[in-house]
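Colleague: Before I plan anything around this model, I would like to hear the reasoning behind the labels that are attached to it. Could you take me through them one by one?

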There are 2 protein chains.
Amino acid sequence: MRATLMYNAGDVRVVDVPEPSIQNPTDAIIRVTYACVCGSDLHPYHSLEETPDGRRMGHEAIGVVEQIGDDVARIAVGDTVIVPFAWCDNTCVYCRDGVTTSCVHGGFFDGASSATQAEKLLVPQADGTAVVIPAGTDEALMPSLLTLSDVYLTGYHAAHKGGVEAGKTVVVIGDGAVGLSAILASRQLGAEMIILMGRHKARTDLGREFGATHVVAERGDAGIQKVLEFTGGEGAHVVLEAVGHMPAYEQAYGIVRPGGTISRVGVPQYENAPVGFASLFGKNATLTGGPATIRAYIEAALPQVLDGTIAPGKVFDRELPLSQIAEAYRLMDSREALKVLIRP
Amino acid sequence: MRATLMYNAGDVRVVDVPEPSIQNPTDAIIRVTYACVCGSDLHPYHSLEETPDGRRMGHEAIGVVEQIGDDVARIAVGDTVIVPFAWCDNTCVYCRDGVTTSCVHGGFFDGASSATQAEKLLVPQADGTAVVIPAGTDEALMPSLLTLSDVYLTGYHAAHKGGVEAGKTVVVIGDGAVGLSAILASRQLGAEMIILMGRHKARTDLGREFGATHVVAERGDAGIQKVLEFTGGEGAHVVLEAVGHMPAYEQAYGIVRPGGTISRVGVPQYENAPVGFASLFGKNATLTGGPATIRAYIEAALPQVLDGTIAPGKVFDRELPLSQIAEAYRLMDSREALKVLIRP
């Protein structure tokens with residue numbers, strides 16, 4: 001079958017690989033019908049070292065179940081399913097707490113032997129991981145349903161962990177698809193004042209459509225000053241950091257209000273950061289976030305997409321076949337595309 | 001009047017200084033009747049550079065109001081009051097949120113021109129800051145009431161910000177007076193399993209009396225392993241970090257459970273720390289805490305002390321007159337004393 005491998009920074013190719021096969025009785029094999037490229041795929045696209053055997057790419061998928069292991073009971077061959085970016089048994093002590101990305105039987109598709117930018121996908125812990133889309137669902141809803149495998153619910157995770165609710169002022173740092181999703185989620189959670197820090201008009205326009213009330217194009221100190229201006233000098237109750245680079249983190253603690261919360265979902269491209277008296281501690285700011293616990297949120301979000309309450313699939317502004325996925329990476333890296341839907 | 005000044009690391013002296021006088025109509029002057037030395041006073045005791053004019057010391061006090069400014073209405077001359085370590089108007093936008101340490105008219109006694117290890121104290125924003133102790137209160141309760149100016153409520157702040165509640169497993173790092181207070185507060189908030197990381201028997205004994213169910217004397221990796229053992233490999237829902245040094249922080253993220261919270265009240269003696277995928281982000285851990293918002297908690301804690309529900313004053317194991325405060329610093333620095341009460 002055809003699958004996407006990355007061999008070096010900027011070097012993405014679609015190549016022939018062996019078809020996946022059931023390894024454990026809890027596995028399932030799906031035929032991928034919808035996949036996409038994630039902003040986080042651009043991190044290795046910038047920095048991957050030479051990898052002669054290639055790194056399998058992709059962690060967002062909708063597909064049709066082709067085969068199930070003997071212990072799989074909650075999904076059946078022929079079902080169309082959403083596959084979150086992390087697999088989990090959905091029954092362990094951490095899953096029961098909702099921290100599905102820390103499942104004791106869990107893992108991440110990224111860089112694993114199975115990944116979603118491919119014709120077929122091995123899904124470990126299939127009963128816990130995959131969520132069935134009702135038969136007969138309008139095909140036009142599939143892009144929005146695909147966002148429940150990562151991007152929309154990663155934005156939701158940021159807002160949920162940040163404690164967004166009615167009356168809270170929210171700043172979203174980053175106008176990528178996750179940042180825009182965080183706006184949509186914040187609006188769903190009742191936030192009225194939502195400030196988007198971003199500078200790409202097509203994106204900030206979608207941000208406004210999703211619920212942003214203010215847009216700040218400035219970065220660094222100028223951006224901080226602008227946010228303080230919009231908030232009467234007080235800063236934001238909640239800052240949703242959807243970038244992952246240090247300048248975004250520095251912006252976050254510059255604009256968070258005393259007693260407020262910074263919620264990160266951009267995968268940090270740093271390990272150490274300021275957390276002392278001058279940054280977080282002095283103003284009793286809270287730092288939260290992490291890999292989005294998608295699986296814990298899908299059941300609640302699915303009906304919202306099916307009934308049209310939210311249309312997070314608007315983040316897809318291009319569609320390409322799997323054979324042209326290298327072009328999808330290029331378009332996203334150059335910011336010509338916000339997020340590219342891939343049809344294997 | 002006599003006041004405590006620090007001139008250099010380890011150099012604490014009681015000297016004559018001018019009596020304080022009302023500077024603003026919102027000020028009050030109190031005659032200090034109870035003060036004490038704080039664990040955080042030991043940070044400058046270790047590291048203060050030569051300061052020819054001396055640094056005024058002390059931020060915990062009970063005293064009798066001697067004089068009030070024209071705008072002071074809520075306290076009267078003759079009242080006995082608790083003075084928290086930070087002054088605040090208790091009416092500003094941050095105070096109304098409970099973040100009294102970020103008050104727009106606030107400040108910290110530490111290092112200011114007025115400090116509590118002295119015969120008299122200038123209290124700015126006296127109406128917002130000082131809390132009256134009912135007339136006729138038993139003198140024997142004063143040490144416990146004094147802990148409401150900092151140490152007990154700093155422990156409470158850690159527990160409150162960490163979300164301690166029934167069913168949560170709590171680890172307290174540090175067997176100083178704040179750590180022990182955090183145990184007492186966690187017990188009040190309903191925690192059943194409370195693990196104290198500390199190695200000084202007299203202190204860990206008091207920790208057990210305050211509610212600790214387990215004591216871990218080991219530090220570093222050995223301490224982390226021990227906590228994991230006690231928690232079935234899962235780690236703690238809440239880690240209360242009451243030290244402020246990097247090894248304590250490293251221990252904290254080593255033992256926090258996925259989705260759990262680290263709440264810091266030890267003033268960080270570092271600015272940068274690990275917060276990336278390998279420490280906080282990967283397991284969706286939350287980092288919170290800061291200078292304790294004491295003022296927001298006093299009204300609720302006062303009746304608990306007055307009716308004997310809690311006796312946080314047990315952290316005082318020595319009492320000295322102001323003239324011997326240098327010895328109090330020495331005793332606490334050498335860990336011969338847990339916390340020393342000072343009678344000016």
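Modeller: A good place to begin is A:P291, which, leaving out residues up to four places away in sequence, touches A:A86, A:T101, B:G282 and B:N284. This is a predicted model, in which local features need pLDDT of at least 70 and side-chain atom pairs count only at pLDDT 80 or more, while totals for chains, interfaces and linings use all residues. Residues are numbered from 1 along each chain as its sequence is written, and chains are lettered from A and ligands numbered from 1 in the order in which they are written.

Colleague: What makes a residue such as B:G282 count as touching A:P291?

Modeller: Two residues are in contact if their C-beta atoms, placed from the backbone, lie within 7 Å, and B:G282 is among the residues that A:P291 touches.

Colleague: Why is A:P291 called buried or exposed?

Modeller: A residue is buried if 20 or more other C-beta atoms lie within 10 Å of its own, exposed if 12 or fewer, and partly exposed in between, with C-beta atoms placed from the backbone. A:P291 has 22 other C-beta atoms within 10 Å and is therefore buried. The residue sits in the loop between strand 17 and helix 10 (298-306) of chain A, where helices (H or I, at least four residues) and strands (E, at least two) are DSSP runs numbered from the N terminus. Its C-alpha atom is separated by 7.5 Å from that of A:V267, which is 24 residues apart along the chain.

Colleague: Which class do A:R335 and B:Q125 fall into, buried or exposed?

Modeller: A:R335 counts as exposed, because it has 12 C-beta neighbours inside 10 Å, whereas B:Q125 has 26 inside 10 Å and so counts as buried. A:R335 is not a glycine, although its phi is positive at about 65°, and it lies in the loop between helix 11 (325-333) and strand 19 (340-343) of chain A. B:Q125, also not a glycine, has a positive phi of about 45° and belongs to the loop between strand 9 (120-123) and helix 3 (126-129) of chain B.

Colleague: How do you know how the two copies are related?

Modeller: Copies are superposed by least squares on the C-alpha atoms of residues with pLDDT of at least 70 in both. A turn of 180° and a shift of 0.0 Å along the axis lay chain A on chain B with an RMSD of 0.0 Å, and the two copies are thus related as by a two-fold rotation axis. In chain A, the C-alpha nearest that axis belongs to A:L287, 2.5 Å from it. The same surface serves both copies, since 100% of the contact residues of chain A recur in chain B.

Colleague: What makes up the side of chain A that touches chain B?

Modeller: The contact takes 34 residues from chain A and 34 residues from chain B. On the side of chain A, helix 2 (93-96), strand 15 (256-264), strand 16 (272-274) and strand 17 (286-289) each supply at least two residues, and the largest share, 4 residues, comes from strand 17. By class, this side has 15 nonpolar, 14 polar and 5 charged residues; here Ala, Val, Leu, Ile, Met, Phe, Trp, Tyr, Cys and Pro count as nonpolar, Asp, Glu, Lys and Arg as charged, and the others, Gly among them, as polar.

Colleague: How do you know that strand 16 of chain A pairs with strand 16 of chain B?

Modeller: Two strands pair if DSSP finds at least two bridges between them. Strand 16 of chain A and strand 16 (residues 272-274) of chain B share 3 bridges in the antiparallel sense, and within this pairing the bridge partner of A:N272 is B:P274.

Colleague: Why are strand 2 and strand 4 of chain B said to stand at the edges?

Modeller: In chain B, an open sheet of 3 strands has the order 2-1-4, with antiparallel pairing. Strand 2 (11-16) and strand 4 (55-56) of chain B each have a single partner strand, so one side of each is left without a neighbour in the sheet. Strand 1 (residues 2-8) and strand 4 of chain B run antiparallel and are joined by 2 bridges, and the partner of B:L5 in strand 4 is B:R56.
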